[in-house]
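This report walks through one protein model for a reader at the bench, moving from a surface feature to the fold, the charged pairs and the backbone. Please keep the sequence and the structure in view while reading.

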Amino acid sequence: MAKLSTEELLDAFKEMTLIELSEFVKQFEETFEVTAAAPVAVAAGAPAAGGAAAPAEEEKDEFDVILDADGGKKIQVIKVVRELTGLGLKEAKDLVEGAPKPVLEKVNKETADKAKAKLEGEGAKVTLK
C-alpha cells in the first residue's frame, strides 16, 4: 500500500461528510488507543467551515448537576448535598425541598458524574445539563 502524503490525506478528509469524519475518528481512536479530540476540531473545521461549529459546541466542558427529587430519602440526600456544596444544614435542606434545583453549576464532566453517582446512590433523581 502506497503511503499517502499529508496533502493527500487532507484532500481525502475534505471529501468526507462530518458524520463520515466522526466515524473515522472513532475508529482511529480505537485502533491506536488515543484521543483525537483537538485534532478532530481542526480537521473538521477546514472542510466545512460553517458546518463544523455545531458539532464542536455539543462537547460541553461545563455541566450543571440538577437535583430533580430526593427519592424519599431527604435526610441522606441533604447530607450528600452538604458534602458536595459545603452549604449549611438550612441551605441544603431548602435546596433539596425546593427541587428541581441545581446542586453544582459549571463543573467539569468528571465532577458532575461523581456528584450524580453520589446523589443517585442515596436514591435521588438527578439530571446533568
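Does Phe32 count as buried or exposed, and what is its relative accessibility? At 52% relative accessibility, Phe32 counts as exposed, a label that in this report requires over 50% relative accessible area. The model is a predicted one, and the values that follow are computed from it.

## Two surface patches

Phe32 is found in helix H2, which covers residues 18-32, and together with Phe24, Phe28 and Val34 it makes a nonpolar surface patch of about 350 Å². A patch of another kind is negative and is formed by Glu7, Glu8, Asp11 and Glu15. Of these residues, Glu15 is found in helix H1, which spans residues 6-15, and Glu15 is exposed, with a relative accessible area of 67%. For the protein as a whole, the exposed surface comes to about 9100 Å², and carbon and sulfur atoms supply 55% of that area.

## Overall fold

The protein has 7 helices and 3 strands, and read from the N terminus on, these elements run α-α-α-α-β-α-α-β-α-β. Of its 129 residues, 19% count as buried, where buried stands for under 20% relative accessible area. When the contacts with a separation of 6 or more are considered, residues 24 or more positions apart account for 63% of them.

Ala124 offers an example of a buried position with partners elsewhere in the chain. Ala124 lies in the loop between helix H7 (109-121) and strand S3 (125-128). Why does Ala124 count as buried? Its relative accessible area is 5%, and because buried means under 20% relative accessible area, Ala124 falls into that class. Leaving aside its neighbours within four places in sequence, Ala124 is in contact with Leu67, Ala69, Asp70, Gly71, Val77 and Leu119. With one of these partners, Asp70, the C-alpha to C-alpha distance is 4.3 Å, although Ala124 and Asp70 are 54 residues apart in sequence.

## Salt bridges

Side chains of opposite charge can pair when their charged atoms come close. The structure holds 7 salt bridges, and the table sets out some of them with the N to O distance for each pair.

| Positive residue | Negative residue | N to O distance |
|---|---|---|
| Lys74 | Glu97 | 3.0 Å |
| Lys93 | Glu97 | 3.0 Å |
| Lys118 | Glu83 | 2.1 Å |

The side chains of Lys74 and Glu97 meet in a salt bridge; Lys74 lies in helix H5 (residues 74-85) and Glu97 in helix H6 (residues 89-97), so the pair ties together parts that are 23 residues apart in sequence. Lys74 is partly exposed at a relative accessible area of 33%, and Glu97 is also partly exposed, with a value of 41%.

Glu97 also forms a salt bridge with Lys93, and here both residues lie in helix H6, 4 residues apart, about one turn of the helix. Lys93 counts as partly exposed at 37% relative accessibility. Salt bridges that share partners thereby join Lys74, Lys93 and Glu97 into one network.

Which parts of the chain are linked by the salt bridge between Lys118 and Glu83? In this salt bridge the closest N and O atoms are 2.1 Å apart, and the pair links distant parts of the chain, with Lys118 in helix H7 and Glu83 in helix H5, 35 residues apart. Lys118 is partly exposed, its relative accessible area being 39%.

## Backbone details

Two points of backbone geometry remain. A cis peptide bond, with omega about 5°, joins Ala99 and Pro100, and Pro100 is found in the loop between H6 and strand S2, the latter covering residues 101-107. Lys106, found in strand S2, has a positive phi of about 55° although it is not a glycine. Lys106 counts as exposed, at 61% relative accessibility.

Definitions and conventions: Residues are numbered from 1 along each chain as its sequence is written. This is a predicted model: local features need pLDDT of at least 70, side-chain atom pairs count only at pLDDT 80 or more; totals for chains, interfaces and linings use all residues. Side-chain values use heavy atoms; hydrogens and water are left out. Patches are made of residues with over 30% relative accessible area and no salt bridge: like charges are joined within 9 Å, nonpolar side chains (Val, Leu, Ile, Met, Phe, Trp, Tyr) within 5 Å. Accessible areas come from the Shrake-Rupley method with a 1.4 Å probe; for residues, only the protein chains shown count as cover. A salt bridge is a side-chain nitrogen of Lys or Arg within 4 Å of a carboxyl oxygen of Asp or Glu. Lys and Arg count as positive and Asp and Glu as negative; His and the chain ends are not counted. The place of a charge is taken as NZ of Lys, CZ of Arg, CG of Asp or CD of Glu. Helices (H or I, at least four residues) and strands (E, at least two) are DSSP runs, numbered from the N terminus. Buried means under 20% relative accessible area, exposed over 50%, partly exposed in between (1.4 Å probe, protein chains only). Contact means heavy atoms within 4.5 Å.
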